[in-house]
Amino acid sequence: MQQISNRVQALAPSQTLAMSQKSQELKAQGVDVINLSVGEPDFNTPAHIKDAAKKAIDENFSFYTPVPGYMSLRKAISEKLKKENGIDFAPEQIVVSNGAKQSLCNVILAVINPGDEVVIPTPAWVSYVEMVNLAEGKSVLVPATIEQNFKITPEQLRAAITERTKLIFFNSPSNPTGSVYSKEELQALVDVLADYPDILVLSDEIYEHINFTGEFTSLASFPEIADRVCVVNGVSKAYAMTGWRIGYLAAPLWLARATNKLQSQYTSGASSIAQKAAEAAYTGSQECVEEMRKAFERRRDLIVGLASAIPGWKVNVPEGAFYLFPEVSSYFGKRYGDYVINNDADLAMYLLEVGHVATVAGSAFCCPGYIRLSYATADDTIREAIRRIEEALAKLV
């Protein structure tokens, strides 16, 4: 007997994880696949963070943790936000979760009722829309093209807001595009938001430190909207701690309490050992963060140079994160053998099966006509991946 709930049946599977799984299956069959589909730093977690985890084990941090996280970790996050971002969130306004993904979902489930509208600038990370679906809300997509550097305008934002708008998503630096909103660009959007005092703003800042502009501005730093911005961040990207599963939200107290209540009923507190490791990440030396950022910037320059030479691709220069999001529609309608390229999903599958390079179709990010490549990998791997892609594309006629 199979009786799956309507809410689960309505969810789409994560295409980024699906493509990564497909590439692993091919590897298991002996195929040499280069995986550019996964959003994960290829660096190891820094030694001082691992040492803190080992110390926590030796000191028997092996019991249930407080639902919103250890107070010592929340204090460290509070201090980080004040020092690095100039924003004030008391430890009581911070809830630590099993990754930033849960923090985002906690907010959506805590504030969205059936029929509420959530404005989402696109291209957007694959899970935003599905989280809104889970809460039975309605996503209102605001598209930005490569010609806009994938950044929406104040006019677009205002046009998307209705009397049913409950929440607005922002993600800078962006997954999948790497776009970073400048302080001036954010101010122009804040000027619009200031006219709608009942709308909550959810700012996904997980790629904050992988930023090549020399500047990062949190939406919570603008006084006009500071009392209704929820910041989501975590240790996975900046500290190469994806598997440790520690994220957090910093929110108005009423929202922090609501997400704490929600989390208490379906996961409780995050891992004790991982929390102590995260605490070391925030309180220890930040040299490792800068070293990894420099490596990602070098790789950015490499892949942009190589991809720009591919015939028919439109490529911009990402300002952060570790993704390239080229426009590839010039290959639609072409074929090779039994392969017919009708859309970006066809092209991504073709590149996997013929070029043996895993990418992700742009349609997964609400932006058909593009593909996403992660350059969170070694320089030589990037060179070989682009060589394979060029070779595979050259076969299409």
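1. A salt bridge is a side-chain nitrogen of Lys or Arg within 4 Å of a carboxyl oxygen of Asp or Glu. Arg-387 and Glu-391 fit this description, with their closest N and O atoms 3.2 Å apart. The model discussed here is a predicted one, and it holds 24 salt bridges.

2. Where do Arg-387 and Glu-391 sit relative to each other? Both belong to helix 13 (residues 379–394), and because they are 4 residues apart there, about one helical turn separates them. Arg-387 is partly exposed, at 39% relative accessible area. Glu-391 is also partly exposed, at 43%. The pair does not stand alone: salt bridges with shared partners join Asp-32, Glu-384, Arg-387, Arg-388 and Glu-391 into one network.

3. Another salt bridge within a helix is formed by Glu-297 and Arg-300, whose closest N and O atoms are 3.7 Å apart. The two residues lie in helix 11 (residues 287–307), 3 residues apart, which is about one turn of the helix.

4. Is Arg-300 buried or exposed? Its relative accessible area is 9%, and buried means under 20%, so Arg-300 is buried. Its partner Glu-297, at 21%, is partly exposed.

5. A further salt bridge joins the side chains of Arg-158 and Asp-195, at 3.1 Å from N to O. This pair links distant parts of the chain, the residues being 37 apart. Arg-158 is in helix 7 (residues 154–160), while Asp-195 is in the loop between helix 8 (183–193) and strand 6 (200–204). Arg-158 counts as partly exposed, with 36% relative accessibility. Asp-195 counts as partly exposed too, with 47%.

Note on methods: Residues are numbered from 1 along each chain as its sequence is written. This is a predicted model: local features need pLDDT of at least 70, side-chain atom pairs count only at pLDDT 80 or more; totals for chains, interfaces and linings use all residues. Side-chain values use heavy atoms; hydrogens and water are left out. Buried means under 20% relative accessible area, exposed over 50%, partly exposed in between (1.4 Å probe, protein chains only).
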